[in-house]
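Here is a quick walk through a two-chain model, taken one packing contact at a time. Keep the viewer open as you read.

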Amino acid sequence: MSASDVLLEVHHIVKSFGKLPVLRGVTLEVKAGEVVGVAGKNGAGKTVLASIIAGLMPPDDGYLKLEGTVLPWPFCARDKGIELIPQSPVLADSLDVTGNIFLGRELGWPSRFRWLRVPNRKRMDELAEQALATLEAHIPSLREHVAYLSPEQRQLVAIARVLIQAAKLIVIDDPTALLSSPYQRKLLTLIEAWRDKGTAVLFFSNNLDHLFAVADRLLVLREGHIVMETPTDETTREEVVAAIVGMSDRRELTPIIWALDSYYRAREQAEKLRHQQRLLEKDLAAQTSLREQLLEQLSLQIAALDKANRALQEAQRRLLTEREQERKRLARELHDQIIQDLLSINYQLEDLGEAESVPLPVREDISRVREDIRTLITEVRRICGDLRPPTIDSLGLGAAIRSYARDWQERTGIQVTLDVDEHLGRLPEPIELSLFRIVQEGLNNVWKHAQATQVHIQIHHTSPRMLAITIADNGRGLPEDFDLAAASREGHYGLLGISERVALLGGRLTLKNRPRGGLLIRVEVPHPRPSRAVLRELSPGD
Amino acid sequence: MKDTGPRRIRGVRRILNAREGVVLLLFFLLALFLSVRTPTFLSAQNLSNVARSFSWIAVVVLGESVVILTGGIDLSVGATMALAGLIAALVLQGGHPVCLAVLAGLAAGMGVGYVNGTLVGRLDLPSYIVTLGTMSVARGIIFVLSRGWPVRNLPYTFRVLGQGYIYLNALMIPVPVLILLVLTLASAVLLNMTLLGRYIRLLGRSAPALHVSGIDIGGLKQFVYTFSGFMAAAGGLMMTARLGVAAPTAAVGYEIDIIAAAILGGGGLTTGKGTIWGVLIGAGLLHILRNGLVLMGVHPYWQTGIVGAMLLAAILVDSLPLKTREQHG
């Protein structure tokens with residue numbers, strides 16, 4: 001190779017900060033179209049060397065020669081064709097993306113004046129767009145102030161600064177710390193493209209993978225000296241690492257290589273993990289929104305069901321009311337019409353029987369028929385009572401239940417004991433009727449299924465607006481696997497009827513087996529007329 | 001353009017809460033107060049005087065505000081004004097033509113500015129020390145050149161710069177006001193349209209980015225201080241022409257007014273913000289404050305103190321909302 005190939009000659013550069021020596025005579029050469037990799041530990045002086053070559057700080061001693069001419073300090077490296085990609089981006093926060101990419105390289109008019117030009121933003125925007133497209137950088141807008149960009153985006157802007165103008169030498173000061181691995185690979189392909197175009201690259205890096213991938217020649221900087229200089233093809237990672245850390249013992253070296261390698265591998269892995277985490281988070285967000293949609297649908301359906309349910313309850317309430325009224329009408333008709341008719345027939349028969357013209361055997365027949373009619377009247381009266389407890393309208397719930405229980409006891413032979421709150425008072429008619437029907441159905445249930453000999457009914461207030469009815473028998477109790485729905489399927493409507501009525505009243509039904517055998521039905525229903533007696537009991541000051 | 005909508009709204013909002021708006025409001029309040037409290041403030045004579053002296057103060061404030069924009073300060077403007085005036089007067093006394101005198105005066109101002117810029121820009125010395133030094137040096141040169149005596153009997157061809165009128169139909173425009181207009185427009189173009197203006201705005205906060213971009217920061221500073229020296233000299237010439245005498249003690253203590261006006265209207269130190277119009281409004285406020293203090297008969301001993309307090313208040317107010325903004329943003 002002839003000397004004329006040499007693009008940059010760095011001769012015995014010395015630099016120290018105060019008493020701290022950083023570079024102690026660095027000499028190197030870069031040829032045109034060559035990629036020179038410089039490795040070295042952190043603090044070996046890489047950044048200082050890069051800054052000196054880029055003309056950002058003067059060396060204490062030594063000189064730089066570009067294409068055979070010495071660069072006198074201070075010089076503007078960019079004007080000489082030397083571009084720098086710094087370790088971390090140095091940008092003007094108050095300028096937008098285009099402004100930063102072209103800072104110091106603005107296109108403008110009149111082009112002959114350096115500082116007095118008026119910038120041509122449109123043209124610069126186009127070129128900036130191209131440069132960012134080359135990098136495949138995703139930047140929201142060229143008008144965005146770089147202060148609002150992420151560190152990686154800022155680094156990409158800093159790299160784009162190098163792309164807008166041809167350079168002879170590009171100094172790259174390990175900018176990969178801020179770049180994710182796709183952009184790191186992008187940078188490596190850029191370096192190769194530059195080499196193909198004949199641009200020299202001075203690539204400062206710690207990443208041996210990167211250096212071995214693109215560098216034609218490797219230099220190792222340690223403690224301010226170049227300690228190794230070799231074509232990349234003629235060396236191994238072990239040798240380079242040995243030079244970087246300054247050890248030659250292979251046994252001690254291996255762990256360091258491993259550490260170095262695994263450091264970068266770990267970084268890559270961490271990055272992949274982060275990426276996957278982001279994907280997962282996105283997934284999760286999607287799922288969450290799906291779940292929210294489902295929940296919303298569900299709540300809509302619940303609302304619809306609720307509405308339907310309420311309509312159903314309302315319908316049932318009306319049905320029950322109408323049934324009660326129908327029963328009442330029926331009972332009155334039976335009572336007022338049939339019974340009166342029967343009674344009048346009976347009187348007519350009596351008159352007929354006492355007539356002297358009737359022969360004796362016929363009288364006996366008539367007398368038997370009258371007996372039958374009386375039995376019939378009693379029976380119809382009982383039916384009337386079942387249809388409409390005769391006392392409930394006039395004397396109230398307590399009296400109705402008492403009378404019904406007496407009848408029932410006579411009819412069934414099961415002993416009934418009653419414990420009715422003395423201050424029951426009068427409740428609204430639908431509630432009284434419902435409660436009466438509950439007791440009625442409860443007792444029927446006992447009679448049909450319980451095989452009990454005793455029933456105890458208790459009606460009392462648990463609070464001024466809450467009435468509790470308990471029906472306790474000493475019978476079989478409920479089977480273990482009792483279930484209201486199953487009971488209804490088997491045709492046992494008694495308990496189901498109770499539970500429906502309780503639900504319509506907005507109350508609570510509990511069914512449980514008593515410890516000594518037998519079923520306990522407990523019903524609690526609210527009602528709108530507070531019991532004065534209970535109120536009095538609750539306020540002892542009165 | 002996708003950005004125009006929000007940007008326009010932001011623009012309107014900026015005018016409403018920007019310092020320019022506040023300073024303008026203060027300006028009108030003070031003017032109203034003075035019109036009511038003093039019989040003379042609104043008189044044609046006083047307004048004309050105020051407009052003339054405002055012109056040369058405002059020219060200097062423009063130069064100073066550019067220095068402050070870059071995060072520096074120029075304490076030598078007062079002495080530069082006096083020096084430029086004196087040198088022009090001495091050249092006139094030697095029988096040379098007016099244009100030569102003006103050029104000599106401007107050159108003297110730019111010379112002082114260039115020295116400032118070189119010391120600050122090339123040697124990285126702190127601007128307040130450097131300009132404090134050049135202030136004394138310039139004042140010393142003035143006393144040596146004038147031997148302590150004012151230079152009088154300046155020709156009318158020179159005094160026209162401060163006292164003359166240009167007649168536009170029925171409109172009588174004072175020459176200093178015209179000069180102010182021209183220099184303001186030139187400064188606005190320079191600061192807002194050229195790359196130079198862009199770099200100057202970045203100098204205060206983003207100097208490393210300029211450095212890495214290969215922009216000659218030292219050269220920029222040299223320009224900025226030379227510009228300030230030039231504007232101070234222009235103001236000094238207008239002042240000397242107006243007064244008709246170049247006194248060695250002229251413009252003593254003007255620095256404080258000028259810096260206060262620049263900070264009041266142009267934004268605090270190192271913000272890189274601030275507009276030419278804001279600076280003019282700041283200068284106007286400070287000027288009618290001075291005028292008002294005189295008209296109200298406030299003792300001169302008090303006046304400087306009040307202006308200084310105004311400067312401190314401006315910096316204080318400037319620093320408060322910035323902090324809260326950073327907390328929110």
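Helix 3 (residues 44-69) of chain B and helix 12 (residues 254-266) of chain B have axes that come within 8 Å and cross at roughly 65°. Axes here are lines fitted to C-alpha atoms, for helices over the stretch in contact, with angles from 0 to 180 degrees between N-to-C directions. Helices (H or I, at least four residues) and strands (E, at least two) are DSSP runs, numbered from the N terminus. This is a predicted model, in which local features need pLDDT of at least 70 and side-chain atom pairs count only at pLDDT 80 or more, while totals for chains, interfaces and linings use all residues. Residues are numbered from 1 along each chain as its sequence is written, and chains are lettered from A and ligands numbered from 1 in the order in which they are written.

The crossing of helix 3 and helix 12 of chain B is right-handed (the near helix is turned clockwise from the far one by less than a right angle; anticlockwise would be left-handed). On the helix 3 side, the contact includes Ile57(B), Val60(B) and Val61(B), and helix 12 of chain B brings in residues including Ile258(B), Ile259(B) and Ile263(B). Contact means that the C-beta atoms of two residues, placed from the backbone, lie within 7 Å. Sorted by class, this contact has 10 nonpolar, 2 polar and 2 charged residues. For the classes, Ala, Val, Leu, Ile, Met, Phe, Trp, Tyr, Cys and Pro count as nonpolar, Asp, Glu, Lys and Arg as charged, and the others, Gly among them, as polar.

Now look at helix 4 (residues 77-93) and helix 11 (residues 217-243) of chain B, which pack at about 55° with their axes 7 Å apart. That angle makes helix 4 and helix 11 of chain B oblique to each other, because under 35 degrees counts as roughly parallel, over 145 as roughly antiparallel, 65 to 115 as roughly perpendicular and the rest as oblique. Their crossing is right-handed. Among the residues in contact are Ala84(B), Gly85(B) and Ala88(B) of helix 4 and Gly229(B), Ala232(B) and Gly236(B) of helix 11 of chain B. The class count is 10 nonpolar, 7 polar and no charged residues.

What about the two chains as wholes? A residue is buried if 20 or more other C-beta atoms lie within 10 Å of its own, exposed if 12 or fewer, and partly exposed in between, with C-beta atoms placed from the backbone.

| Chain | Helices and strands | Buried share |
|---|---|---|
| Chain A | 16 helices, 17 strands | 31% of 542 residues |
| Chain B | 14 helices, 2 strands | 47% of 329 residues |

In chain A there is an open sheet of 4 strands in the order 2-1-4-5, with antiparallel pairing (two strands pair if DSSP finds at least two bridges between them). Strand 2 (20-31) and strand 5 (69-70) of chain A are the edges, each pairing on one side only. Strand 1 (residues 6-17) and strand 4 (residues 61-66) of chain A pair over 5 bridges, and Val10(A) has Leu64(A) in strand 4 as its bridge partner. Helix 1 (residues 46-53) of chain A lies across strand 1, strand 2 and strand 4, at about 125° to strand 1.

Finally, the chains meet through 16 residues from chain B and 22 residues from chain A. On the chain B side, helix 10 of chain B gives the largest share, 4 residues.
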